[in-house]
Amino acid sequence: MERRTLLVKALSLLITVVFMVVAGREFRAHRTFREPVVAGEGVTAVRTLGDYHPGVKGTVNDCNIYFLDSGKPGATVLVFGGTHPEEPAANLTAELFVENARVEQGRLLVVIRGNRSASTYTRNGEAYPTFYRIPTPWGEKTYRMGDRCSSPLDSWPDPEVYLHYPTKQMLAYMDIRNLNRTWPGRPGGLLTERTTFAFMELIRSEKVDVFIDLHEAELEYPVENTIVAHEKAQGVAAMTSMVLTAQEFPVPIGMEFSPVALRGLSHREVGDNSDAMSMIFEVAEPFLDRIRGITDEALLLEGKDEFVKKAGEHGLLYAPMDDSGWPIAVRVGRHASTVLQTLETFNTMETPERQILVSGVPRYAELVDKGLGAFFRDPSGVSEDRVFYE
Amino acid sequence: MITLNGLVTAAYYAMTALFGVVLCRNFFRTRNAQDAVLYCIILVPFVLRLLRVK
């Protein structure tokens, strides 16, 4: 073999190994990164999803369930974040409740990372940032950026066509890894189906009255800045959207009916398969728009983009978009206020002994004014037994 | 279903390993520098998948 060929082979092998080590370390750091969560004064217990179904015990999706129990009889509400980890306002709002909420009547259950597997990798070919950071008075708090579906490292292979269980409705192949297409789950199914089944077991055994699934959506998508409600939740959702639009939000929040024929989504299946009234909350996230520009951490957290704005000028969006964009404090603020208003509206429709009273969580105006980081606690400033990891 | 999926996954990883070995073998055997560089580039995703990194 020629000396020159040998040299090229040696060099290319060396570069390949260096590339694999550098890239591999980055991927691994993302996959194994742990997010600290400070259990606030209201948290009375933390269980894991595996306690409700052995099929997820010890898996990547064996996530924490935070219990905030007043000890006084009342309603049980489940606030659910992290269905789609590329929608950070959802898990950040859930964490806001865990760290700040106090419950004076009833029980609040909170899930921060509903699909942990999906938070351990980002979407191929989309150049997503690996992490994002929220500034706080005590330093930056770092979070994993994730994808919409569970990681192929945890659930593989996908079927040619995903048949939703138990309806057998045909859905796109990758939706078997999409937590919001696998409800009500299957005990012996693939990881994401087992995960939703475990959550259904939790909802049924804990007798959840209200289920709230937090999301974000691209501005090009019509289901935007809205509450999608199951039949059982229509009264609460309609009144909540009217009150928030009239009194609190500069951009209105709508209310839509959960389609009966579209299977696998939480607003449909949780309501159909349990006693809970189920709802999904949506808020605008320009980061998800197909026509966006540079896909970086700034776009994720500030929600400003020239291309999305231009689309708005041409009337192609379902939400307003100007120079102020959709910052993370606005998005989390809308979710926090919508959850709190939903609980207040629920209380007006229930007898006193079936209510839930929650305090300590900032609403929209306060979050926009002070910033999201002002409400996150320093994990190093509390005892270790109050810190949990996602 | 979990068992069946596990078997397919195991077969997939075995196939990945096989392709990785063949690519390595071709890399060491080839006398063409351009082919050698190409084998190296192709090898990366196979190794990262086998190590369950990506």
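This report looks at how chain A and chain B meet, and then at two cysteines. Keep in mind that this is a predicted model.

Let's start with the interface. Chain A puts 27 residues into the contact, and chain B puts in 24 residues. Together the two chains bury about 2,300 Å², and 68% of that comes from carbon and sulfur atoms. On the chain A side, the residues that lose the most area to chain B are K9(A), L153(A) and W156(A), which together make up 27% of what that side buries.

What about polar links? The rule turns up 0 salt bridges across the interface of chain A and chain B, but it does pick out 6 residue pairs in polar contact, with both residues at pLDDT 80 or more.

As for where the chain A side comes from, two elements give two or more residues each to the surface touching chain B: α1 (3–32) and α3 (191–205) of chain A. Of these, α1(A) gives the most, with 12 residues. Sorted by class, the chain A side has 12 nonpolar, 8 polar and 7 charged residues.

Now the cysteines. Searching the whole structure over all chains gives 0 disulfides. Here is how two of the unpaired ones look:

| Cysteine | Nearest cysteine sulfur | Distance |
|---|---|---|
| C149(A) | C63(A) | 17 Å |
| C40(B) | C24(B) | 8.5 Å |

Are these two buried or exposed? C149(A) has 7% relative accessibility, so it counts as buried, the cut-off being under 20%. C40(B) sits at 3% relative accessibility and therefore counts as buried too.

Key
Residues numbered from 1 in each chain as written. Chains lettered and ligands numbered in written order. Predicted model: local features only at pLDDT ≥ 70, side-chain atom pairs only at ≥ 80, totals over all residues. Heavy atoms only, no water. Contact = heavy atoms within 4.5 Å. Buried area = accessible area lost by both parts, 1.4 Å probe. Salt bridge = Lys/Arg side-chain N within 4 Å of Asp/Glu carboxyl O. Polar contact = N/O pair within 3.5 Å; in protein donor to acceptor, adjacent residues only side chain to side chain. Helix = DSSP H or I, 4+ residues; strand = E, 2+ residues; numbered from the N terminus. Nonpolar A, V, L, I, M, F, W, Y, C, P; charged D, E, K, R; others polar. Disulfide = S-S within 2.5 Å. Buried < 20%, exposed > 50% of the residue type's maximum accessible area, 1.4 Å probe, protein only.
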